[in-house]
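User: I have a chain open on my screen and would like to understand how it is put together. Could we go through it step by step?

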Amino acid sequence: MADAQPADPVLQPIAYGHPVVAFFHVFFKVASFLVYLLCGLFSSNFIANFVAVVVLLMFDFWTTKNISGRLLVGLRYWNEVTDQGSNWRFETLEEGQRSINAKDSACFWWSLYIQPLVWIALGIVTIFRLKIDYLLIVVIAVVLSCANVFGYTKCSKEASNQLKAMATNAMRQGLTAAIARV
């Protein structure tokens, strides 16, 4: 029997690290778009259409904020309200704990940034079609998607700043140790 040659790692596609999470991260975004676009075909009741789309938008916001960000890119944010006011908190996995999959990360960031752009385009179409009541759905979608964009962009910058600070601190300690040896 011939020895099986290992497959060339360059030609093997990279698998998702969290395929179920990536699926639901995209599913709720696409489902809210599709229900918004097709709801007029199934029901002329604005309240039913509004509730259906907003529930999907809430599922998307919650999934992105609480699950997708943490598992797909290792980032998390939240807002704490105290007597002194509101404080944003940003959290990232330590460098040793991180093992971010390239496909997971691309799926997360592309869908995160594309979502508000699609909703803004749908808002423009809604204005031209003079369906002003449906503009309320678009405004809610833009606000929720932009909140996630803001939170994760800020969180990512915080993570970059933390990594820079850790690298600077390590370099400083290394130089101090090298100078102490001389």
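Analyst: The conversation below goes from the overall layout to single residues. Please keep in mind that this is a predicted model.

User: Fine. How many helices and strands does the chain have?

Analyst: The chain has four helices and two strands. Read from the N terminus, the order of these elements is α-α-β-β-α-α.

User: And what share of the residues is buried?

Analyst: Of the 182 residues in the chain, 29% are buried.

User: What about contacts between residues far apart in the sequence? How much do they account for?

Analyst: If one takes the contacts with a separation of 6 or more, 73% of them are between residues 24 or more positions apart.

User: Let us turn to H1. Where is its kink centred?

Analyst: Helix H1, which covers residues 19-42, has a kink of about 40° centred on Tyr36.

User: Which residues of H1 are buried?

Analyst: The buried residues of H1 include Val21, Ala22, His25, Phe28 and Lys29. Tyr36, the centre of the kink, is also one of the buried residues. As background, an α-helix has 3.6 residues a turn, so residues three or four places apart point the same way.

User: Which side chain has a polar contact with that of Tyr36?

Analyst: That is the side chain of Thr126, and the polar contact is 2.6 Å. Thr126 belongs to helix H3, residues 102-128.

User: Why does Thr126 count as buried?

Analyst: Thr126 counts as buried because its relative accessible area is 5%, and the limit for buried is under 20%.

User: Which other residues does Thr126 touch?

Analyst: Setting aside its neighbours within four places in sequence, Thr126 is in contact with Tyr36, Lys131, Tyr134, Leu135 and Val138.

User: New topic: pockets. How much space lies in the largest one?

Analyst: The largest pocket holds about 240 Å³ of space. It is lined by 15 residues, and those closest to its centre are Tyr36, Leu37, Arg129, Lys131 and Tyr134. Two or more lining residues come from each of H1, helix H2 (46-73), H3 and helix H4 (132-181).

User: Which element gives the largest share of that lining?

Analyst: H1 does, with four residues. By type, the lining of the largest pocket consists of seven nonpolar, five polar and three charged residues.

User: You mentioned H2. Where does H2 bend?

Analyst: H2 bends at Thr64, by about 45°. At the start of H2, a side-chain oxygen of Asn45 comes to within 3.1 Å of the backbone nitrogen of Ile47. Just after H2, Gly74 has a positive phi of about 70°.

User: Which residue has a positive phi although it is not a glycine?

Analyst: Leu130 has one, of about 60°. Most residues other than glycine have a negative phi. Leu130 sits in the loop between H3 and H4.

User: Is Leu130 buried or exposed?

Analyst: Leu130 counts as exposed because its relative accessibility is 68%, and exposed means over 50%.

User: Is Leu117 buried or exposed?

Analyst: Leu117, which is found in helix H3, counts as exposed at 57% relative accessibility. Leu117 and Ser145 are 28 residues apart in sequence, and their C-alpha atoms are 9.4 Å apart in space.

User: And Lys103? How far is its C-alpha atom from that of His18?

Analyst: The C-alpha atoms of Lys103 and His18 are separated by 9.4 Å, with their positions 85 residues apart along the chain. Lys103 lies in helix H3 and counts as partly exposed, at 32% relative accessibility.

User: Finally, the strands. Where is Arg76?

Analyst: Arg76 is in strand E1, which covers residues 75-82. With a relative accessible area of 31%, Arg76 is partly exposed.

User: What is Arg76 in contact with?

Analyst: Leaving out its neighbours within four places in sequence, Arg76 is in contact with Arg70, Arg89, Phe90, Glu91, Tyr152 and Cys155. Arg76 and Arg89 are 13 residues apart in sequence, and from C-alpha to C-alpha they are 8.4 Å apart in space.

User: Which residue should I look at again to link H1, H3 and the pocket?

Analyst: One may return to Tyr36: the kink of H1 is centred there, its side chain has a polar contact with that of Thr126, and Tyr36 is among the residues closest to the centre of the largest pocket.

Methods. Residues numbered from 1 in each chain as written. Predicted model: local features only at pLDDT ≥ 70, side-chain atom pairs only at ≥ 80, totals over all residues. Heavy atoms only, no water. Bend = angle between axes of the 7 residues up to and from the residue. Buried < 20%, exposed > 50% of the residue type's maximum accessible area, 1.4 Å probe, protein only. Polar contact = N/O pair within 3.5 Å; in protein donor to acceptor, adjacent residues only side chain to side chain. Contact = heavy atoms within 4.5 Å. 1 Å grid on protein atoms, 1.4 Å probe; cavity = no way out; pocket = protein on both sides within 12 Å on 5 of 7 lines; lining within 4 Å. Points joined across faces, edges and corners; volume = space filled by probe spheres on them. Nonpolar A, V, L, I, M, F, W, Y, C, P; charged D, E, K, R; others polar.
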